[in-house]
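Student: I'd like to practise reading helices and strands from a model. Could we walk through one together?

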Amino acid sequence: MPFRPLVRLIDRLAMTDRRYAVLFGKDTSGEAVAIDCETTGLDPWQDEIIAVAAIPIRDGRILTSARYEALVRPTGPVAATSIKIHQLREMDLAAARPIEEVLPELMTFIGRRPLVGYYLEFDVAMLNRYLLSFANIHVPNPQIEVSRLYYERKFGDAPPGTEIDLRFATIAKDLGIPDLPAHDAFNDALATAMMYVKLVDYRARNIRISRMRDFEAE
């Protein structure tokens with residue numbers, strides 16, 4: 001689709017902060033980066049990132065020792081409803097750095113590598129809010145949505161009317177991913193990376209995920 005390459009070209013020309021030039025050009029690393037953001041809410045144009053984790057993946061290996069993690073100090077209050085989800089209170093973020101310091105580090109760490117995520121569209125929208133403000137660009141990286149990979153392996157050949165469940169917990173359980181504490185940026189990025197590695201392996205070996213287990217569980 002020509003839209004994304006056109007946006008990349010326009011962004012590259014319109015970029016106002018050369019620190020983000022590292023994002024543009026051809027990626028030759030052969031790696032991907034699993035990413036997850038915790039936020040103050042679900043509105044990319046009003047809410048803020050308060051925690052982020054990014055984990056490289058290379059040749060089916062998840063490189064946790066090479067990860068990037070950061071807490072981010074928000075400019076406004078953290079809603080009680082959000083605290084109930086991620087357990088990050090304002091006092092927990094008081095000593096964290098502002099997004100103006102974290103974002104250049106994060107994006108330099110990611111570089112040109114593809115991003116892997118669950119509901120990645122939301123994380124990218126949150127990053128785009130800051131990138132547009134600070135550098136007049138969007139996230140240019142290729143994006144890999146694990147729920148789409150899972151759908152293809154499990155439901156790609158399903159008959160009409162098949163019930164489809166693409167919830168994070170459902171995918172993790174179905175793929176045998178360890179039960180990690182949820183709504184923690186590192187844990188969610190790690191679980192997403194494990195989903196990705198397994199699904200890429202399934203696709204390479206042409207293994208489909210059985211739907212029989214869903215009936216057996218009922």
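**Reading helix α8 and the strands**

Tutor: Happily! Let's begin with a length check: the 20 residues of α8, at 1.5 Å a residue, should span 28 Å, and its end C-alpha atoms are 28 Å apart, so the two agree. Keep in mind that this is a predicted model.

Student: What should I look for at the ends of α8, such as at D184?

Tutor: At the start of α8, a side-chain oxygen of D184 comes to within 3.1 Å of the backbone nitrogen of F186. After the helix comes N206, with a positive phi near 55 degrees.

Student: How many of the residues of α8 are buried?

Tutor: Buried means under 20% relative accessible area. In α8, 14 of the 20 residues are buried, so the helix is largely enclosed by the rest of the structure. T192 is a good residue to zoom in on: it sits in α8, and its relative accessibility is 1%, so it counts as buried.

Student: Which residues is T192 in contact with, leaving aside its neighbours within four places in sequence?

Tutor: They are V116, G117, Y118, V146 and F168. V116 and G117 belong to strand β5, residues 115–117.

Student: Now the strands. How do side chains point in a regular strand?

Tutor: In general, they alternate between the two faces of the sheet. In β1, E31, V33, I35, C37 and T39 point one way, while A32, A34, D36 and E38 point the other way. Nine of the nine residues of β1 are buried, so this strand is largely enclosed by the rest of the structure.

Student: Which strands does β1 pair with, and in which sense?

Tutor: With β2 (residues 49–58) the pairing is antiparallel, over nine bridges. Look for E31 with R58 as its bridge partner, and D36 opposite A53. β5 runs parallel to β1, and two bridges join them; there, A34 has V116 as its bridge partner.

Student: What else does β2 pair with?

Tutor: Four bridges join β2 to the antiparallel strand β4 (residues 68–71), where Y68 stands opposite A54. Two more antiparallel bridges link β2 to β3 (residues 61–62), with R61 as the partner of R58. Between β2 and β3 lie two residues, making a hairpin, and D59 in the turn has a positive phi of about 50 degrees. As for burial, nine of the 10 residues of β2 are buried.

Student: Which residues does the "Exonuclease" domain annotation cover?

Tutor: The unreviewed UniProt entry places it at residues 31–205. In the model, that span is 43% helix and 18% strand, and its end C-alpha atoms lie 20 Å apart.

Notes:
Residues numbered from 1 in each chain as written. Predicted model: local features only at pLDDT ≥ 70, side-chain atom pairs only at ≥ 80, totals over all residues. Heavy atoms only, no water. Buried < 20%, exposed > 50% of the residue type's maximum accessible area, 1.4 Å probe, protein only. Pairing = 2+ DSSP bridges. UniProt positions renumbered as here; feature names shortened; annotations may be inferred. Contact = heavy atoms within 4.5 Å. Expected span 1.5 Å × (residues − 1). Polar contact = N/O pair within 3.5 Å; in protein donor to acceptor, adjacent residues only side chain to side chain.
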